[in-house]
Each structure stands twice: as structure tokens, then as C-alpha cells.
Amino acid sequence: MRLVLLGAPGAGKGTLAKQLSKALGVVHISTGDIFREEVAAGTELGKKAKSYMDRGALVPDEVVIGMVKQRLSRPDVNAGFILDGFPRTVPQAEALDKVLEESNQPLDAVLDIVVPEETVVRRLSGRRVCRQCGAIYHIDNMPTKQEGVCDKCGGEVYQRDDDQPEAIRQRLKVYAEATAPLTDYYRTKGLLRPVDGTGTPEEVLGTALALLKG
Ligand code: AMP
């Protein structure tokens, strides 16, 4: 199965993508995770991306598109994939269509996770992430057993720089301007499936799986 996950920052794309990837046996490709790995490793790509990420801006299309093309050329995507955080602009969506057309692997569905703005702000400002395995926590709803330590791997749990209030505001603005128009793009193609993202992770997974089966 080949899926794209859409939704505002904090809508729960990463959480749902991880669960769906397990349930469906397909790879989870998060452009945000790839950029964070590149930043941590101090690569040229990471250096290029960091200044945009820190201020909640989008990394330029040509940089992201090149990176995703490379990722989609790896053999593990043949069984299917879940794209999380890509595409984020119409030119990215067009580039993705072209790549998938060339390899004759069209998308099966685009899940749009819908969550009210105040929920998104609450989730982002309390979000914590494991530096090592990427597990996602929340200081109120899903705290770690021991503060600052990942329950799953023992890695350091931290707050992303772009989960600070100023960057959150900027990311939501960028989402409304550049990414929200993608819902029209995929609705026109008959691929868009809205998913209520306000429930628990298990509830949202159940809704998504039911939609994909139906
Ligand atoms: P995320 O983890 O998906 O919230 O992404 C974190 C940051 O990485 C974003 O705020 C952007 O700066 C950058 N980023 C991730 N995916 C993309 C994309 N498809 N296009 C442009 N920038 C991206």
C-alpha cells in the first residue's frame, strides 16, 4: 500500500505513520526525521536544512524533492510506503506524482488527519521526542516513566527546537499557506480521505485502518 499522510504539525502524522507502518508492513518515510538525522550527523544536507527548520520554515522544494527521490529509489519501498511530512507544497506533490508515474506505483490513498488548531498547539508545546529511536511522548497525555528517558530504548527525550511557541506559530502559518492547498489537489484526484485525529492514537489508527479497508 502506498500512502501519503497530510495534517497540520501536531495532528499526529508521525504517531499514525509509525502504527500504520507496523500494521501494514510498509516503510515509514518521514522527511522531518531524515532532516533531523542529517542535522545530528552534521552533513551538508543537514547544515542546509537546519536554518529553515529552526525558524519553522520549509526547506526549499528542490532540496526535499531530491532527497525523497533518492529515498524512493531504494528497494524497501517496493512493498509500499507511508510518506509523512511530504509532500508539503503543490510542486512537491507534482514531483511525487511524476516519480510514481515513472515507476508505475500510483498512490492508493491520502489520509488527511483533521484536528482543531487549539489541540494542535497543546500537543506541540507538550511534545517530547526520543533523540535515539524517535518515540513520541507528551508531558501531560503520555509522559515517560522516568523524566527525560525514553521508555522504549533508554535514549534522551528532548523538546524539538521547532516546538517552541514562536516556531509553532510560524509552522502553523506555513501549513495554512503552503500545505493546506494540497487537500484540494488530492481531492480532485479522488484520493483524499479525511480522518478524525482528535481521539487516542489507538482510536485514530482504528479509523484509518477501517477507511483503508472500506
Ligand atoms: P516535521 O517533523 O514533519 O514537522 O518536519 C520538521 C521540519 O523539517 C519542517 O518544519 C521543515 O522545516 C522541514 N521539512 C520536513 N519535511 C519537509 C518538506 N516536505 N518540505 C519542506 N520542509 C520540510
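Trainee: Let's start with the second largest pocket: how many residues line it, and which lie nearest its centre?

Mentor: It has 19 lining residues, and Arg36, Glu37, Ala40, Arg131 and Tyr158 are the ones nearest the centre. Keep in mind that this is a predicted model.

Trainee: What makes a residue count as lining that pocket?

Mentor: An atom of the residue has to come within 4 Å of a pocket point. Applied here, that gives the 19 residues. The space inside comes to about 510 Å³.

Trainee: Which elements give two or more residues to that lining?

Mentor: H2, H3 and strand E5 (127-130) do. H2 gives the most, with 5 residues.

Trainee: How does the lining of the second largest pocket split by class?

Mentor: There are 10 charged residues, 7 nonpolar and 2 polar. In that count Arg and Glu go with the charged class, while Ala and Tyr go with the nonpolar one.

Trainee: On to H3. Which residues of H3 are buried, and what makes us say that they line one face of the helix?

Mentor: In H3, which spans residues 44-54, the buried ones are Gly46, Ala49 and Met53. Looking down the axis of H3, these buried residues stay within an arc of 75 degrees, so they line one face. They pack against helix H2 (31-41).

Trainee: Which exposed residues sit on the face of H3 turned away from the buried side?

Mentor: Glu44, Lys47 and Lys48 do. Just past the end of H3, Gly56 has a positive phi of about 75 degrees.

Trainee: Why is Thr31 called buried?

Mentor: The cut-off for buried is under 20% relative accessible area. Thr31 comes out at 3%, so it counts as buried. Thr31 belongs to helix H2. Setting aside neighbours within four places in sequence, Thr31 has contacts with Val64, Met67, Val68, Asp84, Gly85, Phe86 and Arg88.

Trainee: How do you know that Pro87 is buried?

Mentor: By the same kind of check: its relative accessibility is 2%, and so Pro87 falls under the 20% limit. Pro87 is in the loop between strand E3 (81-84) and helix H5 (90-102). Beyond four places in sequence, Pro87 touches Val4, Leu6, Gln92, Ala93, Leu96, Leu182 and Tyr186.

Trainee: What makes the peptide bond between Phe86 and Pro87 cis?

Mentor: Omega is about 0 degrees for that bond, and it is cis. Most peptide bonds are trans.

Trainee: And how far apart are the C-alpha atoms of Pro87 and Val64?

Mentor: They are separated by 9.0 Å, with the two residues 23 apart along the chain.

Trainee: Why is Asn104 called exposed?

Mentor: Exposed means over 50%. Asn104 has 64% relative accessibility, so it counts as exposed. You'll find Asn104 in the loop between H5 and E4. Its phi is positive, about 55 degrees, although it is not a glycine. Most residues other than glycine have a negative phi.

Trainee: What makes us call strand E4 mostly covered?

Mentor: E4 covers residues 109-114, and 5 of its 6 residues are buried.

Trainee: How do you know that E4 pairs with strand E1?

Mentor: At least two bridges are needed for a pair. E1 (residues 2-7) and E4 have 5, in the parallel sense, so they pair. Leu6, for one, has Asp112 in E4 as its bridge partner. E4 is also joined by 5 bridges to strand E8 (residues 192-196), again running parallel. There, Ile113 is opposite Val195 in E8.

Trainee: Which order do the strands of the open sheet of 3 strands have, and why do E6 and E7 count as its edges?

Mentor: The order is E6-E5-E7, with antiparallel pairing. Strand E6 (136-138) and strand E7 (157-158) each have a single partner strand, so one side of each has no neighbour in the sheet. E5 and E6 share 3 bridges and run antiparallel. Within that pair, Arg128 stands opposite Tyr137 in E6.

Trainee: Last one: which residues of H6 are buried, and what covers them?

Mentor: In H6 (residues 117-126) they are Thr119, Val120, Arg123, Leu124 and Gly126. Their cover includes E5, E6 and helix H7 (165-179).

Key
Residues numbered from 1 in each chain as written. Predicted model: local features only at pLDDT ≥ 70, side-chain atom pairs only at ≥ 80, totals over all residues. Heavy atoms only, no water. Buried < 20%, exposed > 50% of the residue type's maximum accessible area, 1.4 Å probe, protein only. Helix = DSSP H or I, 4+ residues; strand = E, 2+ residues; numbered from the N terminus. Arc of directions from axis to C-beta. Contact = heavy atoms within 4.5 Å. 1 Å grid on protein atoms, 1.4 Å probe; cavity = no way out; pocket = protein on both sides within 12 Å on 5 of 7 lines; lining within 4 Å. Points joined across faces, edges and corners; volume = space filled by probe spheres on them.
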